[in-house]
Amino acid sequence: MADDKQAAPARAAPLTTSRAALLVDGSDRPFRDTVRDLVDFSARLQQIREGIARGMGLTPPQYNMLMTLSQLGDDVTVGDLAERLRVSVPFVVTETRRLVVLGLLEKRPDAVDRRRVMLVLTDKAWAALDDIAPLQVSVNDTLFGTLAAGDLETLTRLTRGLLSSCDAALATALDKRD
């Protein structure tokens, strides 16, 4: 018995962007796929970093702080670190206090402005970073093994561009919820 009714056409999902540069033949599907891939990559990268942190006996935020301090040098304040990591000053104060207890960090008053506290990695911290470096090399060589010459510069430029728009996008998302 034939059905005289025609199936209703499938409803298309609403567009999630209106920018022509992000649409392909009027569809945002490739854009949504890319966003999903970025979210997946971010989650996997976080898992990798959590594993390395645990291997050092640290929490992921403590690991992030040590890695950031190792690259910024000795003239870093609590406020500088909070800004760099995009976290609150009270959070940095709490976590750095724990790193001091672990013997990985020293807090020294600034020679010029005694109200400011400078964060300095200890020899123990540097030894821990030296110990974990071969694992980081192996992980990063594998994780970024598909990048060719010049790709890092492009990836860095694109990532920094995306990060620079995050605050405004977050404000828009939060404003629209209320």
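**Reading a sheet, a helix residue and a pocket**

Modeller: Let us start from one pair: Thr-77 has Met-118 of β3 as its bridge partner. The model we are reading is a predicted one.

Biologist: How many strands form the open sheet, and in what order?

Modeller: The general idea is that strands of a sheet pair through backbone hydrogen bonds, and that they do so either parallel or antiparallel. In this structure the open sheet is built from three strands, arranged in the order β1-β3-β2, with antiparallel pairing. The edges are taken by β1 (76-77) and β2 (105-109), and because each of these has a single partner strand, one side of each is left without a neighbour in the sheet.

Biologist: How many bridges join β2 to β3, and over how many do β1 and β3 pair?

Modeller: Five bridges join β2 to β3, the strand of residues 117-121, and the two run antiparallel. The pairing of β1 with β3, which is likewise in the antiparallel sense, extends over two bridges. At the level of residues, Glu-106 stands opposite Val-120 in β3, while Lys-107 faces Leu-119 in that strand.

Biologist: Is β3 mostly covered or mostly open?

Modeller: β3 is mostly covered, in that four of its five residues are buried.

Biologist: Which residues in the loop between β2 and β3 should I look at?

Modeller: Two of them make a useful pair, namely Asp-110 and Val-112, both of which are placed in the loop between β2 and β3. Asp-110 has a relative accessible area of 14%, and because the cut-off for buried is under 20%, Asp-110 is classed as buried. Val-112, by contrast, has a relative accessible area of 77% and is therefore exposed. Once residues up to four places away in sequence are left out, Asp-110 touches Arg-116 and Met-118. For Val-112 there is also a distance through space to consider: its C-alpha atom is 21 Å from that of Ala-82, a residue 30 places away along the chain.

Biologist: Now to the helices: where is the place of Thr-96, and is Thr-96 buried or exposed?

Modeller: Thr-96 belongs to helix α4, which covers residues 89-101. Its relative accessibility is 0%, so Thr-96 counts as buried.

Biologist: Which backbone oxygen does the side chain of Thr-96 reach at 2.7 Å, and which residues is Thr-96 in contact with beyond its neighbours in sequence?

Modeller: At 2.7 Å the side chain of Thr-96 reaches the backbone oxygen of Val-92, and a polar atom of that side chain also lies 3.2 Å from the backbone oxygen of Val-93. When neighbours within four places in sequence are set aside, the contacts of Thr-96 are with Met-65, Leu-81, Leu-105, Lys-107 and Leu-119. Two of these names, Lys-107 and Leu-119, appeared earlier as residues standing opposite each other.

Biologist: Is Leu-58 buried or exposed, and what does Leu-58 touch?

Modeller: Leu-58 sits in the loop between α1 and α2, and with a relative accessible area of 6% it is buried. Not counting residues up to four places away in sequence, Leu-58 touches Ala-53, Tyr-63, Leu-66, Leu-99, Leu-102 and Leu-104.

Biologist: What volume does the largest pocket have, and which residues are closest to its centre?

Modeller: As a general idea, rolling a probe the size of a water molecule over the atoms shows where empty space is left. Here the largest pocket has a volume of about 2,500 Å³. Its lining is made by 48 residues, of which Phe-41, Leu-45, Arg-86, Thr-159 and Leu-163 are the closest to the centre. The elements that give two or more residues to this lining are α1 (29-55), α2 (60-72), α3 (78-85), α5 (123-143), α6 (151-164) and α7 (166-177). With 14 residues, α1 supplies the largest share. Sorted by class, the lining has 30 nonpolar, eleven polar and seven charged residues.

Biologist: Which residues have a positive phi although they are not glycine?

Modeller: Arg-86, already named among the residues closest to the pocket centre, has a positive phi of about 60° without being a glycine. Arg-86 is located in the loop between α3 and α4, and at 62% relative accessibility it counts as exposed. Asp-25, in the segment before α1, has a positive phi of about 50° and is not a glycine either. At 82% relative accessibility, Asp-25 counts as exposed.

Terms used. Residues are numbered from 1 along each chain as its sequence is written. This is a predicted model: local features need pLDDT of at least 70, side-chain atom pairs count only at pLDDT 80 or more; totals for chains, interfaces and linings use all residues. Side-chain values use heavy atoms; hydrogens and water are left out. Buried means under 20% relative accessible area, exposed over 50%, partly exposed in between (1.4 Å probe, protein chains only). A polar contact is a pair of N or O atoms within 3.5 Å; within protein, one must be able to donate a hydrogen and the other to accept it, and residues adjacent in sequence count only if both atoms are side-chain atoms. Contact means heavy atoms within 4.5 Å. On a 1 Å grid over the protein atoms alone, a cavity is a set of points where a 1.4 Å probe fits but cannot get out, and a pocket is an open set with protein on both sides within 12 Å along at least five of seven lines; lining residues have an atom within 4 Å of a point. Grid points are joined across faces, edges and corners, and a volume is the space filled by probe spheres set on the points. Ala, Val, Leu, Ile, Met, Phe, Trp, Tyr, Cys and Pro count as nonpolar, Asp, Glu, Lys and Arg as charged, and the others, Gly among them, as polar. Two strands pair if DSSP finds at least two bridges between them.
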